[in-house]
Amino acid sequence: MAAFWVLLACAVAMVLAQDVRPGEALYHYGWYNAVDIALFVLAAVQLRPLRKTHPHLTTPLVAAAFGGAIVVFAGAASGLMGPDTHVVIGAPGASVRDDGAGGTFSFPLEGDTVAFARGRSSVSIGSRGRRYSGGFIFWEQKRTVLNVQAADARGNHLTITQPTNASFLSPVLLLQQRTTISGMDVAFDSFSVPAAQRNVKAVLFSQQQAAQLHTDPPVIGQPAILFAVADTHDRVLPHGIGITPPGVRKNIGGLLLSAAVETYPAVVVASAPYWPILLLGLLLIAFGAARTVTIARRA
């Protein structure tokens, strides 16, 4: 009998791991789910001799095995059919559709609470932990972003848009692209200044990377931002490249540019067994285990 419970416990533990440590890539590997199912099958095989040697325990053992089947196959369905773990990134005020999760994430203009809506259901995802929705677990991931400001030579504020979407006015650059400069792997993004007919690339150097830059004055103890100002044909203007610390405004290519290094939430999406089904299976296992102990003590 011990073999039945050990094998069942191992199979169930492999499924519960998806909730305890969600987002691991191995949950989607075929071999992981095959091992999980194999452990359950080996446990179920133990029922036949147990029904002969312990006929009075047939009902609780079958209930536990049925509960284990629910748990294991819920885990396999999540691992094999659920989307891989991924991060959903959006600018303040943006709504981002995620086909994997089957809903839309709405990113806040202020604060750190992202909302997820699917059909008539919705859930808020903040910094206080995980949130469940259907067969998914969501949690917040802080990302470094740049909040950029642009002005003309007289100091008049200029509107910032995305190069590919002139109607989107967020000054927050999400830094989703990466490149190599002087052997350093750095994040960068772009924005446009329609009033000045300029396109600008902004590159973020970390504190350690900034210390290696040959700037005058040197940037020590803080990150640095490189701006490259180009015309509408992406030709860099004379004096159109400059490096500045966060919060310091500098005239680069005829624009007064500055940037603040901030954090903004993204959302990690991980598939997981649908918890009501998981709970049903665990309750059946608990019932079977409790009844087995009670009957064994009476025998």
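Here are legends for a handful of close-up views of this predicted model.

**View 1. Strand E11, mostly tucked away.** Strand E11 covers residues 184-193, and nine of its 10 residues are buried, so the rest of the structure largely encloses it. Its partners come up in the next two views.

**View 2. The hairpin of E10 and E11.** Strand E10, residues 177-181, pairs with E11 in the antiparallel sense, and the pairing runs over five bridges. If you want a landmark for the register, go for Ile181, which sits opposite Met184 of E11. The two strands make a hairpin with just two residues between them. Keep an eye on Ser182 in that turn: its phi is positive, at about 50 degrees.

**View 3. The hairpin of E11 and E12.** Here E11 pairs with strand E12, residues 198-205, again in the antiparallel sense, over seven bridges. Asp189 has Ala202 in E12 as its bridge partner. Four residues lie between the strands of this hairpin, and Gln197 takes a positive phi near 55 degrees. So what surrounds the strand shared by both hairpins? With nine of 10 residues buried, E11 is largely enclosed by the rest of the structure.

**View 4. Asp234 out on a loop.** Asp234 belongs to the loop between strand E13 (224-230) and strand E14 (236-244). Is Asp234 buried or exposed? Its relative accessible area is 53%, and the cut-off for exposed is over 50%, so Asp234 counts as exposed. For a sense of distance, the C-alpha atoms of Asp234 and Leu169 are 20 Å from each other, with the two residues 65 apart along the chain.

**View 5. Helix H4 against helix H6.** H4 (residues 58-81) packs on H6 (residues 275-298) at an angle of about 155 degrees, and their axes are 7 Å apart. Angles over 145 degrees count as roughly antiparallel, so that is the label for H4 and H6. The crossing of these two helices is left-handed. On the H4 side, the contact residues include Pro60, Leu61, Phe66, Gly67, Gly68, Ile70 and Val71. H6 answers with a set that includes Ile277, Leu278, Leu284, Phe287, Gly288, Arg291 and Ile295. By type, the residues of this contact split into 16 nonpolar, five polar and one charged.

**View 6. Helix H2 against helix H4.** H4 also packs with H2 (residues 30-45), this time at an angle of about 175 degrees with the axes 10 Å apart. H2 and H4 are therefore roughly antiparallel too. From H2, the residues in contact are Gly30, Asn33, Asp36, Ile37 and Phe40. They meet a group in H4 that includes Ala65, Gly68, Ala69, Val72, Phe73 and Leu80. How do the residues of this contact divide by type? Eight are nonpolar, five polar and one charged.

**View 7. A four-stranded open sheet.** The strands run in the order E2-E3-E4-E5, and the pairing is antiparallel. E2 (95-98) and E5 (121-125) are the edge strands; each has a single partner, so one side of each has no neighbour in the sheet. From one strand to the next, the twist averages 20 degrees.

**View 8. The E4 and E5 pair.** Zooming in on one end of that sheet, E4 (residues 114-118) and E5 pair in the antiparallel sense over five bridges. Ala117 is a handy marker here, with Ser122 in E5 as its bridge partner.

Key
Residues are numbered from 1 along each chain as its sequence is written. This is a predicted model: local features need pLDDT of at least 70, side-chain atom pairs count only at pLDDT 80 or more; totals for chains, interfaces and linings use all residues. Side-chain values use heavy atoms; hydrogens and water are left out. Buried means under 20% relative accessible area, exposed over 50%, partly exposed in between (1.4 Å probe, protein chains only). Two strands pair if DSSP finds at least two bridges between them. Axes are lines fitted to C-alpha atoms, for helices over the stretch in contact, and angles run from 0 to 180 degrees between N-to-C directions. Angles under 35 degrees count as roughly parallel, over 145 as roughly antiparallel, 65 to 115 as roughly perpendicular and the rest as oblique. A crossing is left-handed if the near helix is turned anticlockwise from the far one by less than a right angle, and right-handed if clockwise. Contact means heavy atoms within 4.5 Å. Ala, Val, Leu, Ile, Met, Phe, Trp, Tyr, Cys and Pro count as nonpolar, Asp, Glu, Lys and Arg as charged, and the others, Gly among them, as polar.
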